[in-house]
Amino acid sequence: MELRLDPELENFRQEIRGFINDVLPPDMRERQRRKVANNADVTDQLRWMRILNEHGRAVPHWPVEFGGCGWTPMQLFIFNEELYAADAPEFDWGGTHMLGPVIYSYGSPYLRERFLPMIREGQTMWAQGFSEPGSGSDLASLRTSAELVGDKYVVNGQKIWTSGAAHADWGFFLVRTDKTVKPQRGISFLIIRMDTPGVTVRQIPQINGEAHLCEVFLDNVEVPADQLIGEPGMGWTYAKFLLEHERTTSSFIYWSKRELARAKDIARGERRNGRPLSADPAIRARFARLEADLLALEWSVLRVLAHEELETPEAAAASVLKIRGSELQQEVTMLQVDLLGLKGARYFDVAPTPPPAPDEAWPDYVPGRTTVALITRAATIYGGTKQVQKNILARLAFGL
Ligand SMILES: Cc1cc2nc3c(=O)[nH]c(=O)nc-3n(C[C@H](O)[C@H](O)[C@H](O)COP(=O)(O)OP(=O)(O)OC[C@H]3O[C@@H](n4cnc5c(N)ncnc54)[C@H](O)[C@@H]3O)c2cc1C
């Protein structure tokens, strides 16, 4: 069975493919292709955003009035698929996919005017300051406080696992503005500059050699009150909106498809007993199963994007996509490591400059595969753990 696009969408795909080929600088594509870990280089990310923005395509998923393209969900899907297939840098997800939609949905005209262009034009990197020690899955128990003093909030507390905070210019934080009401009702959503006096960022060394995750300490940090999004006490509602949005996109089907293609390169390049691994029936069977699973996930994503009538509420569907998407990300990266065998055990610098020249013993599909497989263990944790997603499913889909 083959999933075919109708001719109009096929034309759209060809146009997008040509567009990316024309505007993606070859040096940037090469760095991304050889990049050994998930996290793109910040300079490339912002440069790429600026290039896309010159063509009006930096935030195609936003409403047209804020700079979006007015594309159908299917067109957006194709755009993303082509970006990943071409090894384009990642978006600044915090700004473009998390905060941006919250601001244009709930922010004041002042916040929209001040921050949306900044995000769209690739001027800033953003960090998401939600989780705290002891408040991850149980986010509503967060303790970082913000007290209104005159026209400023004074913020005190600690965040943890804040991705990219060391390179971020700004962060969006959940803070407690009222301790007297039900935990969910006392939370607000505040934008903070990361270089404000009292903000300290400490990077956390990771098993894969990176230090992308951070602790953020907030010590009497003074924040202008007009940087609070929407109404005080409504932060929980906005965060739920953001997380649901995050889960719908977090199947990362495009990413997994590209990694499956990489796995095939490895299987064709590596040999055992004089034969390529791709000729081994057991390995072929593993590829066949993974390919079928990815196709099933892709169809499920498309059904949600097309707002096809589902038997379950959309939030439950988002949880299914998150669970299945993260599991398949892990399966495909583990397949790569298995195919590499002992070669996968060699340590490569996270961001060697200049990148090593490929040689026959260490083809350029080797560096980074284990590093990426290790960080991909986290896919079943961030954006809501697998167990918590299963709880949501049990409640929403089965009424348990
Ligand atoms: C790579 C990575 C990037 C991240 N980036 C960010 C970021 O940018 N910003 C940010 O704010 N946070 C970020 N996080 C934090 C992430 O959101 C939390 O790690 C996650 O919500 C889990 O919280 P926790 O780590 O406190 O674990 P806990 O909530 O303590 O959970 C520990 C274990 O208990 C299980 N558990 C907890 N509650 C239940 C329950 N009710 N039922 C069943 N099982 C349960 C969990 O599934 C898990 O297995 C990131 C995490 C990772 C790993």
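# Exercises on helices, rings and charges

In helix 11, the buried residues are R369, T371, V372, A373, I375 and T376. Buried means under 20% relative accessible area, exposed means over 50%, and partly exposed lies in between (1.4 Å probe, protein chains only). Helices (H or I, at least four residues) and strands (E, at least two) are DSSP runs, numbered from the N terminus.

The model is predicted: local features need pLDDT of at least 70 and side-chain atom pairs count only at pLDDT 80 or more, while totals for chains, interfaces and linings use all residues. Residues are numbered from 1 along each chain as its sequence is written, and side-chain values use heavy atoms, with hydrogens and water left out.

## Exercise 1: Helix 11

Task: State how much of helix 11 is covered, and name the helices that its buried residues pack against.

Solution.
- Step 1. Six of the eight residues of helix 11 are buried, so the helix is mostly covered.
- Step 2. Contact means heavy atoms within 4.5 Å. The buried residues of helix 11 pack against helix 8 and helix 10.

## Exercise 2: Helix 8

Task: Compare the span of helix 8 with the expected value, then list its buried residues and their packing partners.

Solution.
- Step 1. Helix 8 covers residues 253–269, which is 17 residues. The expected span of a helix is 1.5 Å times one less than its number of residues.
- Step 2. From first C-alpha to last, helix 8 reaches 24 Å, close to the expected 24 Å.
- Step 3. The buried residues are I253, Y254, W255, S256, R258, E259, L260, R262, A263, I266 and A267.
- Step 4. These buried residues pack against helix 2 (26–34), helix 4 (73–85), strand 9 (275–276), helix 9 (281–305), helix 10 (314–340) and helix 11 (369–376).

## Exercise 3: An aromatic pair

Task: Classify the pair formed by F172 and F189, and say where each residue is found.

Solution.
- Step 1. A pair of aromatic rings is described by the distance of the centres and the angle of the planes.
- Step 2. Rings of Phe, Tyr and Trp (its six-membered ring) pair if their centres lie within 6.5 Å; planes under 30 degrees apart count as stacked, over 60 as edge-to-face and the rest as tilted. The structure holds 16 such pairs.
- Step 3. The ring centres of F172 and F189 are 6.0 Å apart and the planes are at 5°, so this pair is stacked.
- Step 4. F172 is in strand 4 (residues 170–176) and F189 is in strand 5 (residues 187–193); the two are 17 residues apart, and the pair links distant parts of the chain.
- Step 5. F172 has 0% relative accessibility and therefore counts as buried. F189, also at 0%, is buried.
- Step 6. Both residues belong to one aromatic cluster formed by Y106, F130, F172, F189, Y238 and F241.

## Exercise 4: Around L174

Task: Describe the surroundings of L174.

Solution.
- Step 1. L174 is found in strand 4. Its relative accessible area is 0%, so L174 is buried.
- Step 2. Residues up to four places away in sequence are not counted; the contacts of L174 then include F130 and F189.
- Step 3. L174 and S131 are 43 residues apart in sequence, and their C-alpha atoms are 8.5 Å apart in space.

## Exercise 5: Salt bridges

Task: Describe the salt bridges R193–D195, E291–K264 and R289–D293.

Solution.
- Step 1. Side chains of opposite charge can pair when their charged atoms come close. A salt bridge is a side-chain nitrogen of Lys or Arg within 4 Å of a carboxyl oxygen of Asp or Glu. The structure holds 25 salt bridges.
- Step 2. R193 and D195 meet at 2.8 Å, N to O. R193 is partly exposed at 35%, whereas D195 is exposed at 54%.
- Step 3. For E291 and K264, the closest N and O atoms are 3.0 Å apart. This pair links distant parts of the chain, with E291 in helix 9 and K264 in helix 8, 27 residues apart. E291 is partly exposed at 38%, and K264 is partly exposed at 26%.
- Step 4. For R289 and D293, the closest N and O atoms are 3.4 Å apart. They are four residues apart in helix 9, so about one helical turn separates them.

## Exercise 6: Charges over rings, and cysteines

Task: Locate R57 and R346 relative to aromatic rings, and state how many disulfides there are.

Solution.
- Step 1. A charge sits over a ring if NZ of Lys or CZ of Arg is within 6 Å of the ring centre and within 35 degrees of the ring normal.
- Step 2. The charged end of R57 sits over the ring of F19, 4.6 Å from its centre. R346 lies over the face of W362, at 4.6 Å from the ring centre.
- Step 3. A disulfide is a pair of cysteine sulfur atoms within 2.5 Å. A search of the whole structure finds zero disulfides.
- Step 4. C69 is partly exposed at 22%, and C214 is buried at 0%.
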